[in-house]
Structures are given as structure tokens and as C-alpha cells.
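User: I've got a structure open and I'd like to go through it with you, question by question. Can you keep it informal?

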Amino acid sequence: MNDKPEKFIDENGLRLDGRQINEIRPMTIKIGVLSRADGSCYLEWGNNKVLVAVYGPRELHPRRLQKSDSALIRYRYNMAAFSVEERVRPGPSRRSIEISKVSREAFEPVVMTQLYPGAVIDVFAEVLQADAGTRTAAINAASIALADAGIPMKGLVAACAVGKVDDKLVLDLNKPEDNYGQADLPIAMTQDGDITLVQMDGDLSQEEFKQAVEMCKEGCRQILEIQKEALKNKFADDTAVNIPDDIDEVTYVEAIVEFDIEEDEYPEEDDISGESEDEDEDTGSLDEEGEPEDIEEEFIDIVEEAADEEEITEGSDIREQ
Ligand code: CDP
């Protein structure tokens, strides 16, 4: 292990890796990297490398573990044996069990588990290379992987840590800052600014704690933007291709509308039905199910108009709610 640096912040206010005190490390995100998972994400953050796979919602076995009114979320954080300087012993440790628990709790308020009674949603977070902040890196990746799996959520979750070195608060600790710093405060936050995880090591005064939380929230806001951008790019690519064969166009468009149009902008039933209140008025020809044939076309027109106005790409609102 490297020795403790003499100074963490130089005379220009820059940290050992050249960052400002309120700057996060560069983050790159790849979505859908695992073909067998329902959703997946590979994320690099500074020197951290994490891979998250999401499976589900699927029926939970044994059945006695099922919850009758909601799905169960299982979250497993694991460090690969080769992810750190000193080999990590394979299998669960006190640390990984604790991180798994708090990370699961960070998602419980946003994942709409009530939609899937008796089901389980499994999140596997594998740390391939660790350089401080792995629990927050895994949460950031898990958030994307859950969205990639199409799990309904009230919004994304983003996480980062603030610490204290040389008596100053710094955002997103790197390894020396984490190992030798005076404090470490990881936080996870929803898109609405609600905090779903807080942990703390070390010492902070009350005033410092308040400042640290604000700094962390700002970091999380930046991460949320990166996450949204990654998802937009992925969905833009996907939807540019084709509507999947097994989904008919209207179902597909309805799914988009559900996420893309604010409730108060949702077209009234009457606006889209093509039906007239006047029974005598010509309602046009009917299809096999007795519905006027032009319903689908009108409905799609309305949706496309709304999407044009909003300049929203399909599926984006699951990330923007
Ligand atoms: O990674 P995170 O900051 O969420 O958790 P931590 O327990 O504060 O660990 C900080 C860093 O210490 C990790 O990111 C690893 O780089 C390192 N570490 C290690 O070298 N060996 C371990 N068994 C656990 C952590």
C-alpha cells in the first residue's frame, strides 16, 4: 500500500489526481453489456471498474420467501479477488454483507415493487477493480442496470461520497484520500433529492456534515445527468432501429406515452377515440374488434406530435420522473 501523502491538496487547491475539491472523477457507462441478464451496466469511475447484472422480476423460490404484496429486492455486492492490491477472500464478508444491505435499501424507495407480488428482483454488483467509492460506483451502475431491465422506478438513484483531507471537504474520494483522510461520507440520492443511503466514517463537525451533504447532493446531481445521458443514448440507438416484432405498434406507442407525457398533458379519452357524442354521426368503418379503424392512426399522430414538441426520445421519462 502507498504511504500517506504529506499533503492532499496543493497550493493551487488541486488534489493529488489534479482534481478540484468539488470535482468528481470521470465516469463512463456502458449499458446492456450482458446478454443473459435482463439489464446490465458496466461502469468505470476513475480507476473503479464495476459490472452490474439485474435479473427479474421473476418468481421467487422457495415460495415461503415470497412477499404477497410486493417484489423482494436482493442486492449482492461482491469484490473480485483480484480487484484490490491484497487478494480479497472469495465469499461474503462482514463488509460486503453490510454494503449489500445498505445498497438494497438505497433502491427500495424507488423501485415499484408493489407491481410484482411474489417476485424477486436480483441485483448482482461485481467490483472488478477498486479504487475507493466502490459501493457508490456499484449503486450508480445498478440504477442504470435496473432501468435497462425495464424495472419500473420512480426515478434513478445516484451516489457519491464526500470526505475530509487536510481539514478540507473534498468530493468523490480517491484511494489515498479514502485510506488516509479524516472522514468519508457516502450518500445515495433519488432524482427528487431524497437521500436513501448515508454512512459515515471518521469525524465531521455538524457544520461540516451539513456542507458535506450539500456537496454530495451536487455530486449526485452531476452523476444523474451522466446516467440520463447514457440511457438516452442507449434508447435512442435502440429505438432508431425497429419496433420489436413481438410488440404491436400501438402497445409500443402507449408504453412511450406512459413515460413521456405529463399526466395533465395526457390526451383525453374522447380526443383520441375518434368517437363522436352524436350517435348519428358517421363513426367510420370498424375493425375486427368493433373499434373505429382510425383510432390507432389518430392516437399515434397525437403521440408523435407530443413527442416532437417535447423533443423526447422513446422511453426517456422512466429516467426523468
Ligand atoms: O469502496 P468503498 O469506498 O465503498 O468502501 P471502503 O470500505 O471505504 O473501501 C475503500 C477502498 O479500500 C476500496 O475501494 C478498495 O480500494 C480498498 N479496499 C481494499 O483494498 N481491500 C478491501 N478488502 C476492501 C477495500
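User: How many helices and strands does the protein have?
Analyst: This is a predicted model, where local features need pLDDT of at least 70 and side-chain atom pairs count only at pLDDT 80 or more, while totals for chains, interfaces and linings use all residues. Residues are numbered from 1 along each chain as its sequence is written. Helices (H or I, at least four residues) and strands (E, at least two) are DSSP runs, numbered from the N terminus. On that basis, the protein has 10 strands and 8 helices.

User: What is the average pLDDT of the protein, and where does pLDDT stay under 50?
Analyst: pLDDT is the predictor's confidence in each residue, from 0 to 100. The protein averages 83, and 73% of the residues score at least 70. pLDDT stays under 50 over residues 289-296, and also over residues 309-321.

User: What percentage of the residues count as buried?
Analyst: A residue is buried if 20 or more other C-beta atoms lie within 10 Å of its own, exposed if 12 or fewer, and partly exposed in between, with C-beta atoms placed from the backbone. The protein has 321 residues, and the buried share of them is 37%.

User: What share of the contacts with a separation of 6 or more comes from residues 24 or more positions apart?
Analyst: Two residues are in contact if their C-beta atoms, placed from the backbone, lie within 7 Å. Among contacts in the protein with a separation of 6 or more, residues 24 or more positions apart account for 69%.

User: Which residues are closest to the ligand, and which elements give two or more residues to its shell?
Analyst: Being near the ligand is a matter of having a C-beta atom, placed from the backbone, within 6 Å of it. The ligand is surrounded by 13 residues, and the closest are Val-84, Ala-130, Ala-132, Thr-134 and Arg-135. The elements giving two or more residues to that shell are helix 2 (134-148) and helix 3 (175-180).

User: How many residues of the ligand shell are charged?
Analyst: For the classes, Ala, Val, Leu, Ile, Met, Phe, Trp, Tyr, Cys and Pro count as nonpolar, Asp, Glu, Lys and Arg as charged, and the others, Gly among them, as polar. The shell around the ligand has 4 nonpolar and 2 polar residues, and the charged ones number 7.

User: Which residues of helix 1 are buried, and which exposed residues does the face turned away from them carry?
Analyst: In helix 1, Ile-99, Ser-100, Ser-103, Arg-104, Ala-106 and Phe-107 are buried. They sit on the same side of helix 1 because they cover an arc of only 150 degrees around the axis (the arc of the directions from the helix axis to the C-beta atoms). What covers them includes strand 4 (72-79), helix 2, strand 6 (157-165), strand 8 (183-190) and strand 9 (195-198). The face turned away carries the exposed residues Arg-94, Ile-97 and Lys-101.

User: Why is helix 2 described as largely enclosed, and what distance separates its end C-alpha atoms?
Analyst: Of the 15 residues of helix 2, 15 are buried, so the rest of the structure largely encloses it. The expected span of a helix is 1.5 Å times one less than its number of residues. For helix 2 that gives 21 Å, which agrees with the distance between its end C-alpha atoms, 21 Å.

User: Which residues does Ile-139 contact beyond its neighbours within four places in sequence?
Analyst: Ile-139 lies in helix 2, and it counts as buried because it has 33 C-beta neighbours inside 10 Å. Ala-159 is 20 residues away in sequence, yet the two C-alpha atoms are 6.4 Å apart. Leaving those sequence neighbours aside, the contacts of Ile-139 are Ser-103, Ala-106, Val-157, Ala-159 and Ala-188.

User: Asp-167 and Asp-172 each have a positive phi; which is buried and which is exposed?
Analyst: Neither is a glycine, with phi about 65 degrees for Asp-167 and about 55 degrees for Asp-172. Asp-167 is in the loop between strand 6 and strand 7 (168-171), while Asp-172 is in the loop between strand 7 and helix 3. With 9 other C-beta atoms within 10 Å, Asp-167 is exposed. With 30 C-beta neighbours inside 10 Å, the buried one is Asp-172.

User: Where is the cis peptide bond that leads into Pro-57, and where is the one into Pro-62?
Analyst: Pro-57 is in strand 3 (residues 48-59), and Pro-62 is in the loop between strand 3 and strand 4. Omega is near 0 degrees for the bond from Gly-56 to Pro-57. Omega is also near 0 degrees for the other cis bond, from His-61 to Pro-62.
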